[in-house]
Amino acid sequence: MEAFKEKGNEAVRRNDYRAAVDFYLRAIEAGRDLPAQELAPLHSNCSFAYLKLNELAEAVSQAENAVAAKPDWSKSHFRLGEALFMSGNYEGAEKAYARASELAVEDQTLKKKVALAREALSGFYFRQLLAGRDFAVNAGNIIERQIFSSAKQMQNYVYLIGDARTREAVVVDAAWDVKGIRSFAAGENMRLVGAVVTHYHFDHTGGTPPPPFDQLGIKVPGVRELAVEDKLPVYVNRNDATTVMNSNGVPSENLTPLDDCAEVSIGSVKLKFIHTPGHTPGSQCVLIERPERGILISGDTLFIGSCGRLDLPDCNAKAMYTSLQEKIAALPTTTRVYPGHDYGGPYTTIAREKEQGFLKPMEEGKWLRMHGH
Ligand SMILES: [Zn+2]
């Protein structure tokens with residue numbers, strides 16, 4: 001039995017999971033007269049190898065054998081949780097992870113697994129990724145080192161939003177490190193099904209940076225890679241669509257130009273697009289209405305205590321006034337606002353910005369004078 005087990009472990013080390021399954025099954029057969037609990041690690045390892053082969057029914061079955069053989073062993077319940085989660089049985093996964101966690105209370109990974117299973121049951125998936133923290137880290141070469149260092153300085157947020165049951169998500173404002181964003185999603189078993197652009201600026205979409213950085217000849221990865229390599233649809237407001245096509249290099253067949261109030265569903269999660277011109281002509285915010293409180297992805301339209309720049313050639317202060325004071329300020333005050341950059345924290349609320357930020361009621365004339373008109 002021990003020899004087959006060791007051969008199985010060796011096969012796992014060289015990622016030959018087919019051979020590993022074979023050796024583990026032979027080890028289990030060789031040890032069939034031993035006390036059941038001695039076979040539990042073999043069933044557990046065998047379940048892991050089946051999971052790697054994406055043979056989910058077998059992975060579940062072997063994990064169940066492990067649990068039956070050694071019910072007070074945390075690892076066997078963890079394996080069952082993993083196999084059930086990948087099978088889409090989130091109720092079962094939640095129970096298995098919770099039992100594993102009870103048997104190993106100090107294990108933080110298990111607590112996270114319980115939370116992930118509960119999130120899957122809730123059906124709503126939402127992640128805020130910060131440049132230099134969650135992606136654009138560990139550069140592989142000199143060019144990436146330069147790009148990642150700029151990303152960290154710019155403090156861009158990227159968002160993943162989707163359906164935690166179907167495991168589909170869109171990525172909002174993918175730029176700087178497409179490989180890193182992809183691998184974050186893959187690590188959470190999420191499949192990217194679309195790229196949302198809040199506005200065309202290169203730090204939100206990738207492409208050629210504006211002068212003087214265009215002299216360096218460096219192209220920042222972004223939505224173009226997701227469109228061309230991953231064949232994802234790119235959701236952009238109609239007024240920024242031409243720029244995203246010409247400057248960011250997104251092929252027109254990948255572009256889905258949106259109008260104000262457009263809606264896109266990702267599984268059971270509905271994204272509502274609000275056209276908020278001002279920072280760029282086609283700036284848009286994404287609203288997700290939730291039973292407890294809504295979420296607004298505000299791009300560079302609204303920040304904590306401020307709004308996006310209005311001094312660039314394509315900006316329009318009068319349009320920004322209407323976007324902020326009429327459209328955004330009309331949203332429920334409990335709505336959480338998630339901006340495009342970390343300028344002093346992860347989020348704010350409509351209530352807070354109405355009290356002390358740029359949603360505070362103001363005469364249009366005063367607003368325009370503030371912005372040099
Ligand atoms: Zn911008």
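The lining of the second largest pocket draws at least three residues from each of domain 1 (1-121) and domain 2 (123-259), the domain bounds coming from an automatic or database domain assignment. This is a predicted model, in which local features need pLDDT of at least 70 and side-chain atom pairs count only at pLDDT 80 or more, while totals for chains, interfaces and linings use all residues. Residues are numbered from 1 along each chain as its sequence is written, and side-chain values use heavy atoms, with hydrogens and water left out. The chain has 15 helices and 14 strands, where helices (H or I, at least four residues) and strands (E, at least two) are DSSP runs numbered from the N terminus.

**Second largest pocket**

- The volume of the second largest pocket is about 330 Å³; a pocket here is an open set of points, on a 1 Å grid over the protein atoms alone, where a 1.4 Å probe fits and with protein on both sides within 12 Å along at least five of seven lines.
- Lining residues are those with an atom within 4 Å of a point, and of the 14 that line the second largest pocket, Lys113, Leu116, Gly187, Glu188 and Asn189 are the closest to its centre.
- Helix 5 (74-86) and helix 7 (108-122) each supply at least two residues of this lining, and helix 7 gives the most, with five residues.
- By class, the lining of the second largest pocket divides into six nonpolar, two polar and six charged residues, where Ala, Val, Leu, Ile, Met, Phe, Trp, Tyr, Cys and Pro count as nonpolar, Asp, Glu, Lys and Arg as charged, and the others, Gly among them, as polar.

**Largest pocket**

- The largest pocket has a volume of about 880 Å³, a volume being the space filled by probe spheres set on the grid points, which are joined across faces, edges and corners.
- Its lining draws at least three residues from each of domain 2 (123-259) and domain 3 (276-372).
- Of the 34 residues that line the largest pocket, Met154, Phe202, Asp203, Pro209 and Pro210 lie nearest its centre.
- Helix 8 (142-154) and helix 10 (202-205) each contribute at least two residues to the lining of the largest pocket, with helix 8 giving the most, six residues.
- The lining of the largest pocket comprises 16 nonpolar, 14 polar and four charged residues.

**Strands 1, 2 and 3**

- Strand 2 (residues 157-163) is mostly covered, seven of its seven residues being buried, that is, with under 20% relative accessible area (1.4 Å probe, protein chains only).
- Strand 1 (residues 124-130) pairs with strand 2 in the antiparallel sense over seven bridges, two strands being counted as paired if DSSP finds at least two bridges between them; Phe126 has Ile161 of strand 2 as its bridge partner.
- Strand 2 also pairs with strand 3 (residues 168-172) in the antiparallel sense, over five bridges, and the bridge partner of Gly162 in strand 3 is Ala169.
- Strands 2 and 3 form a hairpin with four residues between them, and Arg167 in the turn has a positive phi of about 60°.

**The six-stranded sheet**

- An open sheet of six strands follows the order 7-8-9-10-13-14, with mixed pairing.
- Strand 7 (263-266) and strand 14 stand at the edges of the sheet, each with a single partner strand, so one side of each is left without a neighbour in the sheet.
- Strand 10 (residues 295-299) and strand 13 (residues 336-339) run parallel and are joined by four bridges, with Leu296 standing opposite Val337 in strand 13.
- Strand 13 and strand 14 (residues 348-349) run antiparallel and are joined by two bridges; Arg336 stands opposite Thr349 in strand 14, and Val337 opposite Thr348.

**Annotated spans and the whole chain**

- UniProt, in an unreviewed entry, lists residues 74-107 as "repeat: TPR"; UniProt positions are given in the numbering used here, feature names are shortened, and annotations may be inferred rather than shown by experiment.
- The end C-alpha atoms of residues 74-107 lie 10 Å apart, and the span is 79% helix and 0% strand.
- The UniProt annotation "domain: Metallo-beta-lactamase", also from an unreviewed entry, covers residues 155-341, a span whose end C-alpha atoms lie 5 Å apart and which is 21% helix and 29% strand.
- Of the 373 residues of the chain, 51% count as buried, and the C-alpha trace spans about 90 × 45 × 35 Å along its principal axes.

Definitions and conventions. Buried means under 20% relative accessible area, exposed over 50%, partly exposed in between (1.4 Å probe, protein chains only).
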